[in-house]
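Here are some exercises to work through at your own pace, with the model open beside you. Try each task before reading its solution.

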Amino acid sequence: MTRHCLTDYDVKVLTGFVMCLQHKQEFMQIYLKSYPELAALAASINSDTEAFDWLLKNGYPEFAALSDSIDDEDEATEWLERYHYDFLSRFAAACRQDEAAIQWFKERDLKLFLWMIDTIQRILLQQSLDASNVHKIRRI
């Protein structure tokens, strides 16, 4: 099994990933062809269950676990830790606003990852606000 991590990617690729997180469609279209796993991760973090399933079915279970761990799913966090995805586990904790994890990124001056963490924190905040907004709740 090939192991994947966000640190495997070039700075330019990760910068584009942040654009995908922010729903920049021109980046998403490029990434769907060139880096489908990052496009799927961005979509999964933005609550796309089909993208989450794609990660699982196409050899990226660590990215699926990362997405769920960011959403504070205990089983996903435990999975990342059990299989020693230390960076991804710490990244997810920082996205959940764990101060020690955020400090770890700051101490290492990992500005790009801090930007990604901030972007994801904003996504999570918006998801939380949308979930409590009666006008945005989907009706079945």
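**Exercise 1. Salt bridges**

How many salt bridges does a search of the whole structure find? Then describe the pairs discussed below, one by one.

*Solution.* This is a predicted model, and a search of the whole of it finds 4 salt bridges. Let us take three pairs, among them Asp72 with Arg96.

Step 1. The side chains of Asp72 and Arg96 come together with an N to O distance of 3.5 Å. Asp72 sits in the loop between helix 5 and helix 6 (74-82), while Arg96 sits in the loop between helix 7 and helix 8, so the pair links distant parts of the chain, 24 residues apart. Arg96 is partly exposed, because its relative accessibility of 28% falls between the 20% and 50% cut-offs.

Step 2. Asp109 pairs with Lys111, again with 3.5 Å from N to O. Lys111 has a relative accessible area of 57% and is therefore exposed.

Step 3. For Asp118 and Arg122, the closest N and O atoms are 2.9 Å apart. Both residues belong to helix 9 and are 4 residues apart, about one turn of the helix. An α-helix has 3.6 residues a turn, so residues three or four places apart point the same way. Asp118 is partly exposed at 29% relative accessible area, whereas Arg122, at 57%, is exposed.

**Exercise 2. The length and surroundings of helix 9**

Work out what span helix 9 should have, and compare it with the distance between its end C-alpha atoms.

*Solution.* Step 1. Helix 9 covers residues 111-131, which is 21 residues. The expected span is 1.5 Å times one less than the number of residues, so helix 9 should span 30 Å.

Step 2. The end C-alpha atoms of helix 9 are 30 Å apart, which agrees.

Step 3. Now look at which residues of helix 9 are buried: Leu112, Phe113, Met116, Ile117, Thr119, Ile120, Gln121, Ile123 and Leu124. Their cover includes helix 1 (11-21), helix 3 (36-45), helix 5 (61-70), helix 7 (86-95) and helix 8 (99-107).

Step 4. Finish with Trp115, which also lies in helix 9. Trp115 is partly exposed, at 33% relative accessibility. Leaving aside residues up to four places away in sequence, Trp115 touches Thr15, Val18, Met19 and Gln22. The C-alpha atoms of Trp115 and Thr15 are separated by 9.2 Å, although these residues are 100 apart along the chain.

**Exercise 3. Helix 2 against helix 3**

Describe how helix 2 meets helix 3, and decide which word suits the crossing of their axes.

*Solution.* Step 1. Two packed helices are described by the angle between their axes and the distance between the axes. Here the axes of helix 2 (residues 25-34) and helix 3 come within 5 Å and cross at roughly 130°. That angle lies between 115 and 145 degrees, so helix 2 is oblique to helix 3.

Step 2. On the helix 2 side, the contact involves Met28, Tyr31, Leu32, Lys33 and Ser34; on the helix 3 side, Pro36, Leu38, Ala39, Ala42 and Ala43. Sorted by character, the contact residues of the two helices are 8 nonpolar, 1 polar and 1 charged.

**Exercise 4. Placing Ser67**

Is Ser67 buried or exposed, and which residues does Ser67 touch?

*Solution.* Step 1. Ser67 is in helix 5. Its relative accessible area is 2%, under the 20% cut-off, so Ser67 is buried.

Step 2. Beyond residues up to four places away in sequence, Ser67 touches Leu41, Ser44 and Ile45.

Technical notes: Residues numbered from 1 in each chain as written. Predicted model: local features only at pLDDT ≥ 70, side-chain atom pairs only at ≥ 80, totals over all residues. Heavy atoms only, no water. Helix = DSSP H or I, 4+ residues; strand = E, 2+ residues; numbered from the N terminus. Buried < 20%, exposed > 50% of the residue type's maximum accessible area, 1.4 Å probe, protein only. Contact = heavy atoms within 4.5 Å. Axes fitted to C-alpha atoms, helices over the stretch in contact; angles between N-to-C directions. Parallel < 35°, antiparallel > 145°, perpendicular 65-115°, else oblique. Nonpolar A, V, L, I, M, F, W, Y, C, P; charged D, E, K, R; others polar.
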